[in-house]
Amino acid sequence: MVLGLTPQQLRQIGVSARKASYIHDLARKYQNGILSDKSIVDMDDKSLFTMLTMVNGIGSWSVHMFMIFSLHRPDVLPIHDLGIRKGVQMLYGLEDLPRPSQMDQLCEKWKPYRSVASWYIWRYVEANGANSKANNVVGGSDVSLQQRMLSMQQQQQQQHQPNQEFLDPINGILNVGACAWDSK
């Protein structure tokens, strides 16, 4: 149905010419069987990332957001997201904004709940203002966030099974704040 719409028709509903070409490319990949709803749901994170970034106009940030907020995958670290990078800088008292290539190493201990950690980091940055100095990492909310992150890591070490709350495809995102430490 999407391929039946011309770029001009898409522009009439507010889609730019460039975005129309991206939407058509995605629709063609569905039409050709390269992508399907089932394959997207069934793919591991790495394969999904590779397949979706083959679509014109879909980059790593978009794939990470899709994986977190639409597929409710519990262990996604959006390394290119400025808010996450700023939050990691603030949380760890780094002088400079961490590069995307540093993010995996800095956030390794958050596995297998990096999506949840990301959510907390976004709230942390929001609460402290995007322009907060990296040196201001000793306030009450900062310590609280660090305690939550430590608690999450400790529970991860104690449990071998992932928390089913995070894997529920329908309600998972609603439970994103109900982390493992809240369920005890």
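Which helix supplies the largest share of the lining of the largest pocket? In this predicted model, that share comes from helix 2, which contributes five residues to the lining. Before the pocket is described further, it helps to look at the chain as a whole.

The protein chain has 184 residues, and buried residues make up 36% of them. Its secondary structure comes to 10 helices and zero strands, so that a reader who follows the sequence meets the pattern α-α-α-α-α-α-α-α-α-α. Among the contacts in the chain with a separation of 6 or more, 55% are between residues that stand 24 or more positions apart. The chain exposes about 10800 Å², and carbon and sulfur atoms supply 53% of that area.

From the chain as a whole we can turn to its interior. The largest nonpolar core holds 26 residues, and those that touch the most other members are L48, L77, I84, M103 and W110. Two or more residues of this core come from each of helix 4, helix 5, helix 6 (82-92) and helix 8 (114-128), and helix 8 gives the most, with five residues.

The opening question concerned the largest pocket, and this is the place to return to it. About 270 Å³ of space lies in this pocket, and 13 residues line it, with L26, G57, I58, S62 and F66 lying nearest its centre. Helix 2, which spans residues 17-31, and helix 5, which spans residues 60-69, each supply at least two residues of the lining. Sorted by class, the lining has 10 nonpolar residues, two polar residues and one charged residue.

Helix 2 deserves a closer look, and two of its residues, each with a charged side chain by class, can serve as examples. D25 lies in helix 2, and because its relative accessible area is 8%, D25 counts as buried. When residues up to four places away in sequence are not counted, D25 touches M54, V55 and N56. K29 also lies in helix 2, and K29 counts as buried because its relative accessibility is 13%, which is under the 20% that sets the limit for buried residues. With residues up to four places away in sequence again left out, K29 touches I34, L35, M54 and V55. M54 and V55 therefore appear among the contacts of D25 and also among the contacts of K29.

The second largest pocket has a volume of about 210 Å³. Its lining is made up of D45, K46, F49, T50, H64, M67, D75, V76, L77, I79, D104 and R114, and the elements that give two or more residues to it are helix 4, which spans residues 45-52, and helix 5. Helix 4 provides the largest share of this lining, with four residues. By class, the lining divides into five nonpolar, two polar and five charged residues. L77 belongs to this lining, and L77 is also named among the residues of the largest nonpolar core that touch the most other members.

F49, one of the residues that line the second largest pocket, is found in helix 4. How exposed is F49? Its relative accessible area is 28%, so F49 counts as partly exposed. Leaving aside neighbours within four places in sequence, F49 is in contact with S60, V63 and H64. F49 and H64, which both line the second largest pocket, are 15 residues apart in sequence, while their C-alpha atoms are 8.0 Å apart in space.

Two features of the backbone remain to be described. Most residues other than glycine have a negative phi, and most peptide bonds are trans. Against that background, H72 has a positive phi of about 55° although it is not a glycine. H72 lies in the loop between helix 5 and helix 6, and H72 counts as buried because its relative accessible area is 12%. The peptide bond from K111 to P112 is cis, with omega near 0°, and P112 lies in the loop between helix 7, which spans residues 100-106, and helix 8.

Definitions and conventions
Residues are numbered from 1 along each chain as its sequence is written. This is a predicted model: local features need pLDDT of at least 70, side-chain atom pairs count only at pLDDT 80 or more; totals for chains, interfaces and linings use all residues. Side-chain values use heavy atoms; hydrogens and water are left out. On a 1 Å grid over the protein atoms alone, a cavity is a set of points where a 1.4 Å probe fits but cannot get out, and a pocket is an open set with protein on both sides within 12 Å along at least five of seven lines; lining residues have an atom within 4 Å of a point. Grid points are joined across faces, edges and corners, and a volume is the space filled by probe spheres set on the points. A nonpolar core is a set of buried Ala, Val, Leu, Ile, Met, Phe, Trp, Tyr and Cys residues joined through side-chain atoms within 4.5 Å. Buried means under 20% relative accessible area, exposed over 50%, partly exposed in between (1.4 Å probe, protein chains only). Contact means heavy atoms within 4.5 Å. Accessible areas come from the Shrake-Rupley method with a 1.4 Å probe; for residues, only the protein chains shown count as cover.
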